[in-house]
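Here are my notes on the model you sent over, as numbered points. Have the viewer open while you read.

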Amino acid sequence: MMETVAPEHRERAAGRELPIHHRIQMEQQLYVSGAEKILFTASRWSDDGELLEAVHCWYYPDETLRAWILAGWEQFRRDVATDVATFTAPAAAPAVAGWLWSKQRQKVPEVLPALRIEIKGEVTASNLAEFKKTALTAIRRVNRQLTTDQDFADAEAAVKWCGDVESRLEAAKQHALSQMSTIDQLFRTIDEISAEARRARLEVDKLVKSRKETIREEIVREAMHTLRSHFEQLAVCIAPHCAAVPADFGTAVKGKRTVEGLRNAVGVEMARAKAESSALADRIRASMNMLAFHVEHRFLFNDAASLVTKAPDDLAAIITNRIEAHKLTEARRLEAERERIRVEEEARAEQRAAAARAEVQRQADAKAREEAAEADRRARAIAAATAAPTPAAAAGSPAAAPAAPAPIANEAATLNLGAIGARLGFTLNAAFLADTLHIQPAATDKAAKLYRESQWPLICAAIVRHVESMKLSEG
């Protein structure tokens, strides 16, 4: 019969829907054999050999499930290497058979003889004494030390048996009463046996429940202690993260009625928690090694305690992003620092240039004043050496030139040669002022020479002295 194969994604979905115990088995087979897929087939048949149901589908590898299985095998290998069992299981015990009489074991009550009482005004026939002896002996032999599953099975059967004894005695009592006889000894004996059976039933029933709960707590407590020891053996690095792999032993033992069932359930949960914690410890160690490789950027990973629990690829991306962001921020900071230094250097250079220009101007002004004073002294010396002028000449001689005013600080140069010529009524040039009158311009604007207002009196005085010196030299 040919089967129509569905698309691969539908096949994978069908395989994922199989029960977990089947998927674990097939995942293990795929890993060992290296096969790409497995054809799962299951069928159900009638007693007559008729096929009632058949299920088959392709199963493909599940990487998550495989990682979980391999982690379990790795933990098993570690436990074997360190001679530490994942969980201590009891030695194999025979199947629990319940209440079967065994002279060798002496742990269950004996089979009592059938109770027979016949009354007709008096007890005409009774084996009550034999029944009492056998019943009380059996009741007192009920085992109160419960440890194994067999002990619990025996105790539970004893509870049921004692109840049955009570019922049988009550029935016998009622049967005797129905015969309208009142034999006090008969009833006292029946009541004694019934009371003893009831007391044993209640005691053993309470003991079974109490001891089961105690054993359940002991198994869970032992498992928690074993798991804590495993955490401590992994390394200090796993200690803060133990809560990430909780073991719910309480849920694992829920509904388990036998000691073996309790131990098996706890053992499975223990193996899972140990495998997960070991895998977590390995991942944390690898993450710590990855962070240690970037020791020069340690300050970027102050949250390392939480980072080490991340997947390696995620952690690598975080490390790269943080380092690149830090480098970019540092580059921007250095660029801003270089720009600030450049601006400060330019400002200082401008200040130095302004100071140099001011110093040059100050020296030029000082030199001009000195030259003007020297020219004035020469003119006065020439005038003194010349014969005294006639009264008319003296009357027409110009007054002495006024002293040059002191320059004004930070005064702007606004007078050009055209403005000076306009004030004087004739034209001057910069060469005449500089070479002859020894007055230097305060500033230049392209080809134009500019002078300060405070230099105007100095220019006028220098011209007057120059004209007088020329008159004297011609005379």
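Helices here are DSSP runs of H or I with at least four residues, numbered from the N terminus. Keep in mind that this is a predicted model.

1. **A nonpolar patch on the outside.** Start with the surface, where Tyr31, Val32, Leu70, Trp73, Phe76 and Val80 come together as a nonpolar patch. Their accessible area adds up to about 620 Å². Which helix gives the most to this patch? That would be α3, with four residues. Both α2 (20–33) and α3 (63–81) put in at least two residues each.

2. **Val32 in that patch.** Val32 sits in helix α2. Is Val32 buried or exposed? With a relative accessible area of 62%, Val32 is exposed, because anything over 50% falls in that class.

3. **The hairpin.** Strands β1 (residues 38–45) and β2 (residues 51–59) run antiparallel and are joined by eight bridges. If you want a spot to click on, Leu39 in this pairing faces Trp58 of β2. There are five residues between the two strands, and Gly49 in this hairpin has a positive phi, near 85 degrees.

4. **Salt bridges, beginning in α5.** I get 23 salt bridges for the structure. One of them pairs Asp164 with Arg168, at 3.9 Å between the closest N and O atoms. The cut-off is 4 Å, so this pair counts. The two are four residues apart in helix α5 (residues 149–178), which means about one helical turn separates them. Both ends are partly exposed: Asp164 has a relative accessible area of 36%, and Arg168 has 30%.

5. **A pair in α10.** Arg342 and Glu346 also meet through their side chains, with 2.4 Å from N to O. Here too the spacing is four residues, this time in helix α10 (residues 312–385), so about one helical turn lies between Arg342 and Glu346. Arg342 is partly exposed at 38% relative accessibility, and Glu346 is partly exposed at 45%. Elsewhere, salt bridges with shared partners tie Arg144, Glu196, Arg199 and Glu203 into one network.

6. **Inside that network.** Take Glu196 and Arg199, whose closest N and O atoms are 2.7 Å apart. They are three residues apart in helix α6 (residues 184–234), so again about one helical turn separates them. How do their surroundings compare? Glu196 is buried, with a relative accessible area of 17%, because the class covers values under 20%. Arg199 is partly exposed, with 41%.

7. **The nonpolar cores.** How many residues make up the largest nonpolar core? It has 21, and those with the most contacts inside it are Phe152, Val204, Val208, Ile219, Leu227, Phe249 and Val266. Helices α5, α6 and α8 (259–292) each contribute at least two residues to this core. The largest share, eight residues, is from α6. Another core lies apart from this one and has 17 residues, including Leu112, Leu128, Ala135 and Cys162.

8. **Where to look again.** I'd go back to α6, since two of the points above meet there. Helix α6 holds the Glu196 and Arg199 pair, and α6 also gives the largest share of the largest core.

Notes. Residues are numbered from 1 along each chain as its sequence is written. This is a predicted model: local features need pLDDT of at least 70, side-chain atom pairs count only at pLDDT 80 or more; totals for chains, interfaces and linings use all residues. Side-chain values use heavy atoms; hydrogens and water are left out. Patches are made of residues with over 30% relative accessible area and no salt bridge: like charges are joined within 9 Å, nonpolar side chains (Val, Leu, Ile, Met, Phe, Trp, Tyr) within 5 Å. Accessible areas come from the Shrake-Rupley method with a 1.4 Å probe; for residues, only the protein chains shown count as cover. Buried means under 20% relative accessible area, exposed over 50%, partly exposed in between (1.4 Å probe, protein chains only). Two strands pair if DSSP finds at least two bridges between them. A nonpolar core is a set of buried Ala, Val, Leu, Ile, Met, Phe, Trp, Tyr and Cys residues joined through side-chain atoms within 4.5 Å.
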